[in-house]
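Hi there,

Here is the structure we talked about, ready for you to open. Once you have it on screen, my notes below should help you find your way around.

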Amino acid sequence: MQFSPDLLARVRAGSPFLSTLLDREADFLTRIDGFDVDVLAAVAADPDLPLARQLRIERRRVALLVALGDLSGAYDLTRVTRTLSDFADHALHRAIGQAIEERTPGADPRGFAAIGLGKQGSRELNYSSDIDPILLYDPAILPRREKDSPAEAAVRIGRRVVELLQSRDGDGYVLRVDLRLRPSPEATSIALPVDAAVSYYESAALPWERAAFIRARAVAGDRALGDRFLDAIRPFVWRRALDYGAIGEIREITRRIREHYAQGQVFGPGYDLKRGRGGIREVEFFAQVHQLVHGGRAPELRAPATRDALAVLAKGGRIPVEEAMVMDAAYTLFRTIEHRLQMVDDRQTHSLPDGREALDRVARLHGLSDAAALLHLLAPPVAAVGAIYDRLDGAATTRLPADPQSLAERLEALGFASGEQGARRIADWRSGGYPSLRSPAARAALEDSLPGLIAGLATAADPQAALLRLDAMLARLPSAINLFRLLEAQPALARLLSTILCHAPTLAEALARRAVLLDALIDARALEPVGDVDELAAEMQARSRDGYERLLDHVRDVVNEKRFMLGVQVVAGTSDPLAVAAGYARVAEAAVRVLAAATVEEFAQRHGRVHGSELIVLALGRLGGGALTHASDLDLIYCFTGDFAAESDGDKPLGAVLYYNRLAQRLTAALSVQTASGPLYEVDTRLRPSGAQGPLVVSLAGFERYQREDAWTWEHMALARARPIVGSAEGQAQAAAIIARILAGDRPQRDVAAEAAAMRAEMTRHKPPVGPLDAKLSPGGLVDLEFAVHVTQLSTGCGLMPQLGAAIDGLVEAGLLPDGLRPAHDFLTRLLVTMRLVAPDGQVPYDATQPILAAALGCPDWPTALARLDAVRQIVATTWQDIATGAQDGNR
């Protein structure tokens with residue numbers, strides 16, 4: 001077949017992709033006798049080749065032949081799009097047959113069908129389109145291996161089909177396949193049982209799916225099965241009543257489409273032919289909205305293809321003939337130029353190039369002189385379509401689009417990873433999918449607040465995750481109307497909620513689990529410091545008369561709310577993380593005190609009391625030091641005073657040792673077991689005498705004996721931050737005196753520094769940092785700092801205070817530690833507290849979150865924070881290394 005020199009010159013100059021195909025398929029072209037051929041038959045590859053290679057070669061030849069026919073004028077738009085669509089049907093059908101044959105050789109390829117949606121369904125595929133099929137199967141007749149269930153077999157067939165079509169090699173690829181138009185793609189298998197699919201579309205489908213099925217067609221596989229499905233859901237698509245509500249549905253699809261990308265909406269270089277104002281999509285929507293309104297009662301209006309739909313709508317008097325003609329001509333031109341864009345590099349693009357040279361290339365490929373001529377050709381129809389659609393669409397509003405496809409594009413433009421998943425979530429809200437959104441008033445309030453909320457979520461490092469957190473919260477709210485009205489009325493509150501959802505995953509997850517925490521945000525006291533331990537304990541005891549179980553719930557309610565509020569203060573920048581850490585500790589101490597008292601009383605009702613004896617609870621670790629994080633567990637040691645041989649006086653008496661061990665088990669459960677009000681704290685009792693191998697509770701005398709005679713250096717280091725928090729004043733004083741004596745030197749004489757250095761080295765080997773910003777385990781982190789402080793305390797007997805900061809002050813004043821260590825402690829503690837909220841994995845937070853962390857660290861910007869962190873780590877590392885090296889030198 002001979003081609004004109006002009007055509008070949010345009011192809012060589014304008015399309016690297018087609019130029020390559022001209023060279024690669026030269027022999028194929030010599031066998032073609034003109035353009036008036038059966039394209040699918042003409043492009044057929046060697047049938048002895050593997051199917052995947054056959055299809056890739058055929059796709060390559062289709063692309064070349066159709067492009068040459070298009071550019072030469074031999075093929076009009078209808079023939080181009082139908083040929084491309086027919087090849088897609090052919091390739092998909094053969095891939096389904098191959099996938100079934102591979103798994104069940106010789107089986108009749110039935111029971112598996114592909115429904116083509118969008119442009120494949122209407123036989124209007126682009127030159128470089130993907131396909132959007134819905135895969136269905138009939139469990140009763142699907143061929144399958146004996147070990148496979150129908151669902152497993154269908155999924156494996158579907159995966160193999162996608163692989164055959166989408167995988168690339170030296171011969172290229174066949175088709176890009178997008179299976180996300182099926183119902184709930186994030187939760188459903190890639191192939192759906194046909195009856196379940198029918199049930200979904202009859203009862204739970206979303207409004208936008210009506211428009212999608214206007215162009216649906218059984219395109220491959222068991223077409224009889226596909227046709228049966230489409231017949232079953234026809235009443236869902238085509239409603240008998242005149243459906244003027246569909247106008248609103250389609251109008252909402254494009255409420256924001258003209259703002260999709262500012263550059264893409266403005267006509268000129270960079271204009272988006274598909275989504276821009278007056279572009280392809282507005283022609284399609286113009287036709288579809290009239291079809292949805294009238295097609296239920298007028299089957300003749302149900303033409304799948306856009307230009308066919310315009311023609312029948314005009315013939316039926318549903319739209320003016322003049323408007324149909326303008327839309328038809330514009331659509332033909334837009335789609336033709338869209339094909340030119342895609343021919344250049346075989347890319348699925350819809351936008352005119354921004355650069356003049358690239359736009360000139362497209363113009364010349366179309367046979368025009370330059371970019372100016374192309375823009376001049378396009379400008380009038382773009383303006384005309386925009387004006388016609390304006391009359392249908394009406395004035396734009398500030399609301400988000402209602403149609404998920406448009407909304408998905410809007411979300412993706414804002415930075416959401418999966419616009420379609422986000423659009424489905426929002427569609428669920430709008431349809432009243434949660435109890436809090438079932439009233440019309442609640443949904444109206446939702447619509448009013450959505451633009452601001454979504455804009456806020458878009459500032460997140462991961463907007464998709466922030467949206468899911470908001471969804472989880474809405475799922476648990478009993479009512480949302482007041483929240484949305486409040487957010488609309490109080491922008492500051494809306495910004496605060498967005499900050500939490502966007503930048504504080506720990507708080508957002510807490511909010512998702514317990515939406516009632518929103519009340520804490522609304523409370524004017526939310527950003528104030530929490531009270532002292534006595535005040536907090538009084539608040540927690542408010543429901544003590546309602547019974548033990550109710551008290552457990554109430555304490556959890558108070559703790560979770562206070563903990564949440566304290567975390568909010570950090571991310572909102574209203575409180576120093578050091579003050580928040582102290583607040584976390586006061587809340588925990590109050591909870592332990594209240595639940596210990598209640599548990600003792602409840603336990604005594606059955607087992608009585610051990611006279612002359614009481615439970616003592618020692619706090620160690622960060623609780624003992626009075627500086628917790630949001631995620632801290634509680635390091636506790638349980639002891640009891642009095643005679644270990646005594647017995648309780650209740651109806652079911654117990655010996656003192658068994659009594660207090662059971663009592664401590666009950667208290668641990670009260671502190672840690674999740675109730676209807678949620679979790680409280682993880683409790684760690686491994687610092688008790690003999691660790692996990694020892695009893696849960698020992699007598700205070702036994703505790704002293706163990707610490708004086710048998711405890712290891714690391715246990716004495718832990719004791720440096722121990723303090724009693726439960727017990728009478730006398731009992732606590734007795735315990736404190738024991739701790740003081742042990743720390744002052746009433747213990748085995750050991751080389752504390754050498755043992756600590758060996759222990760730290762072992763810890764480094766077995767417990768590395770979890771991330772680059774691990775404030776505890778990184779070299780020069782809090783663990784090194786704590787080791788330096790505790791070794792110095794035990795070696796000198798100075799600075800023996802459980803609060804680490806105060807201890808450092810004492811040791812610095814005594815000249816035992818360098819001056820820079822207290823600021824280093826404060827910086828690392830702020831880092832630890834804040835990272836637990838914004839990046840609990842220890843990784844560097846996203847750019848959007850870095851300013852929050854920098855501000856919490858008292859730094860003006862992120863680079864300054866990193867520089868300060870390096871300096872702090874150097875101070876701590878040097879201090880610890882000096883101590884550890886001194887120990888090693890002393891042993892030589």
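Helices and strands in these notes are DSSP runs, numbered from the N terminus, with at least four residues for a helix and at least two for a strand. Please keep in mind that this is a predicted model.

With that numbering, let me start at G771. This glycine sits in the loop between helix 35 (752-766) and helix 36 (782-796). Is G771 buried or exposed? G771 is buried, because its relative accessible area is 11% and the cut-off for buried is under 20%. Leaving out residues up to four places away in sequence, G771 touches S778, D841, G842 and Q843. If you would like a distance to check on screen, the C-alpha atoms of G771 and A585 are 25 Å apart in space, with the two positions 186 residues apart in sequence.

Next, the sheet. It is an open sheet of 4 strands in the order 5-3-1-6, and the pairing is mixed. Strand 5 (191-193) and strand 6 (217-221) stand at the edges; each has a single partner strand, so one side of each is left without a neighbour in the sheet. On average, neighbouring strands here are turned by 35 degrees against each other, direction ignored.

You can walk through the sheet one pairing at a time:

- Strand 3 and strand 5 run parallel and are joined by 3 bridges; L136 stands opposite L192 in strand 5.
- Strand 1 and strand 3 run antiparallel, with 5 bridges between them; here A113 is opposite L136 in strand 3.
- Strand 1 (residues 112-116) and strand 6 are also antiparallel, joined by 4 bridges; I115 stands opposite A218 in strand 6.

Strand 3 deserves a closer look. How many of its 5 residues are buried? The count is 5 of the 5, so strand 3 is largely enclosed by the rest of the structure. In a regular strand the side chains alternate between the two faces of the sheet. In strand 3, P133, L135 and Y137 point one way while I134 and L136 point the other way, and all are buried.

Which helices lie across these strands? Helix 6 (residues 77-103) lies across strand 1, strand 3 (133-137) and strand 6, and runs at about 45 degrees to strand 6. Helix 9 (residues 194-203) lies across strand 3 and strand 5, at about 85 degrees to strand 5.

Now the aromatic residues. A search of the whole structure finds 11 aromatic pairs. One of them is F267 with Y271, an edge-to-face pair at 5.2 Å centre to centre, with 65 degrees between the planes. Within this pair, F267 counts as partly exposed at 29% relative accessibility, whereas Y271 is buried at 0%.

F640 and Y660 form a stacked pair: 4.7 Å centre to centre and 10 degrees between the planes. F640 lies in strand 8 (residues 634-640) and Y660 in helix 31 (residues 656-672), so the pair ties together parts that are 20 residues apart in sequence. F640 is buried at 1% relative accessibility, and Y660 is buried too, at 2%.

Ring pairs also link Y200, Y201, F213 and F229 into a cluster. Elsewhere, R563 lies over the face of Y681, at 4.8 Å from the ring centre.

Another arginine to click on is R59, which is found in helix 5 (residues 51-72). At 10% relative accessibility, R59 counts as buried. Its contacts, again leaving out residues up to four places away in sequence, are F17, F87, Y127, Y173, V174 and D346.

Finally, the cysteines. How many disulfides are there? The count comes to 0, where a disulfide would need two cysteine sulfur atoms within 2.5 Å. As for individual cysteines, C639 is buried, with a relative accessible area of 0%, while C798 counts as partly exposed at 30%.

Happy browsing, and do write back with any questions.

Best wishes

Notes: Residues are numbered from 1 along each chain as its sequence is written. This is a predicted model: local features need pLDDT of at least 70, side-chain atom pairs count only at pLDDT 80 or more; totals for chains, interfaces and linings use all residues. Side-chain values use heavy atoms; hydrogens and water are left out. Rings of Phe, Tyr and Trp (its six-membered ring) pair if their centres lie within 6.5 Å; planes under 30 degrees apart count as stacked, over 60 as edge-to-face and the rest as tilted. Buried means under 20% relative accessible area, exposed over 50%, partly exposed in between (1.4 Å probe, protein chains only). A charge sits over a ring if NZ of Lys or CZ of Arg is within 6 Å of the ring centre and within 35 degrees of the ring normal. Two strands pair if DSSP finds at least two bridges between them. Axes are lines fitted to C-alpha atoms, for helices over the stretch in contact, and angles run from 0 to 180 degrees between N-to-C directions. Contact means heavy atoms within 4.5 Å.
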